[in-house]
Amino acid sequence: MGLVLGFFYRESAKAHDFSGSSQLTATPHVLALGTLFFLIVIVLDKQFALTSGRWFNAFFWTYNAGLVMTVARESAAAKQNAEHTVER
């Protein structure tokens with residue numbers, strides 16, 4: 001998801017000839033949080049065999065759906081804030 005956001009940000013900036021700073025740069029946060037979180041899950045899986053549990057699939061899809069909704073909401077709010085700031 002972080003790679004997709006990075007691609008979107010880069011292409012959007014090029015399409016609009018944008019070279020300033022922006023609040024739409026959620027890419028590093030998504031990459032870092034996703035990577036660190038799932039590295040911890042891998043370590044816990046080695047210790048407790050989490051992926052063999054019957055609830056792991058539900059957790060996995062719920063986590064990813066929540067991540068998508070959170071990033072979409074925050075990106076929309078940042079975009080709205082940026083547009084509101086430009087109007088002033």
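This is a guided tour of a predicted model, stop by stop.

**Whole chain**

Show the protein chain as a cartoon. You will see three helices and zero strands. From the N terminus on, the order is α-α-α. Helix H1 covers residues 2-15, helix H2 covers residues 27-48, and helix H3 covers 56-87.

Now colour by confidence. The mean pLDDT of the protein chain is 78. Of its residues, 77% reach 70 or more. Helix H1 has the lowest confidence, at a mean of 73. H2 has the highest, at 83. Keep one caution in mind: where pLDDT is low, the predicted coordinates should not be read in detail.

Switch on the surface. The accessible surface of the protein chain comes to about 7200 Å². Carbon and sulfur atoms hold 67% of that area. Buried residues make up 10% of the 88 residues. Then consider contacts in the protein chain with a separation of 6 or more: 59% of them join residues 24 or more positions apart.

**The aromatic rings**

Select the aromatic side chains and show them as sticks. The structure holds nine aromatic pairs. Start with Phe38 and Phe60. Their ring centres are 6.0 Å apart and their planes meet at 65°, so this pair is edge-to-face. The pair links distant parts of the chain, with Phe38 in helix H2 and Phe60 in helix H3. In sequence they are 22 residues apart.

How accessible is Phe38? Its relative accessibility is 22%, so Phe38 counts as partly exposed. Phe60 is also partly exposed, at 27%.

Stay on Phe60 and add Trp61. These two rings have centres 5.3 Å apart and planes at 85°, so they too form an edge-to-face pair. Is Trp61 buried or exposed? Trp61 is exposed, with a relative accessible area of 59%.

Widen the selection to Phe37, Phe38, Phe56, Phe59, Phe60, Trp61 and Tyr63. Ring pairs link these residues into a cluster.

**Phe56**

Centre the view on Phe56, one of the cluster members. Phe56 is found in helix H3. Its relative accessible area is 16%, and the cut-off for buried is under 20%, so Phe56 is buried. Which residues does Phe56 contact, leaving aside neighbours within four places in sequence? The partners are Val41, Leu50 and Thr51.

**Thr51**

Follow the contact from Phe56 to Thr51. Thr51 sits in the loop between H2 and H3. Thr51 is partly exposed, with a relative accessible area of 46%. Not counting residues up to four places away in sequence, Thr51 touches Asp45 and Phe56.

Now draw a distance from Thr51 to Val41. Their C-alpha atoms are 9.4 Å apart in space. In sequence the two residues are 10 apart.

**Ala49**

Step back along the chain to Ala49. Ala49 is also found in the loop between H2 and H3. What is the sign of phi at Ala49? Phi is positive, about 50°, although Ala49 is not a glycine. Ala49 is partly exposed, with a relative accessible area of 40%.

**The nonpolar patch**

Last stop: select Ile40, Leu44, Phe48 and Leu50. They form a nonpolar patch on the surface. Together they have about 380 Å² of accessible area. Pick out Leu44, which is found in helix H2. At 36% relative accessibility, Leu44 counts as partly exposed. Residues enter a patch at over 30% relative accessible area, so Leu44 clears that cut-off. Leu50 belongs to the patch and is also a contact of Phe56.

**Views to keep**

Save one view of the ring cluster that includes Phe38, Phe60 and Trp61. Save a second of Thr51 with Asp45 and Phe56, the residues Thr51 touches beyond four places in sequence. Save a third of the surface patch with Leu44 and Leu50 among its members.

Conventions: Residues are numbered from 1 along each chain as its sequence is written. This is a predicted model: local features need pLDDT of at least 70, side-chain atom pairs count only at pLDDT 80 or more; totals for chains, interfaces and linings use all residues. Side-chain values use heavy atoms; hydrogens and water are left out. Patches are made of residues with over 30% relative accessible area and no salt bridge: like charges are joined within 9 Å, nonpolar side chains (Val, Leu, Ile, Met, Phe, Trp, Tyr) within 5 Å. Accessible areas come from the Shrake-Rupley method with a 1.4 Å probe; for residues, only the protein chains shown count as cover. A salt bridge is a side-chain nitrogen of Lys or Arg within 4 Å of a carboxyl oxygen of Asp or Glu. Helices (H or I, at least four residues) and strands (E, at least two) are DSSP runs, numbered from the N terminus. Buried means under 20% relative accessible area, exposed over 50%, partly exposed in between (1.4 Å probe, protein chains only). Contact means heavy atoms within 4.5 Å. pLDDT is the predictor's confidence in each residue, from 0 to 100. Rings of Phe, Tyr and Trp (its six-membered ring) pair if their centres lie within 6.5 Å; planes under 30 degrees apart count as stacked, over 60 as edge-to-face and the rest as tilted.
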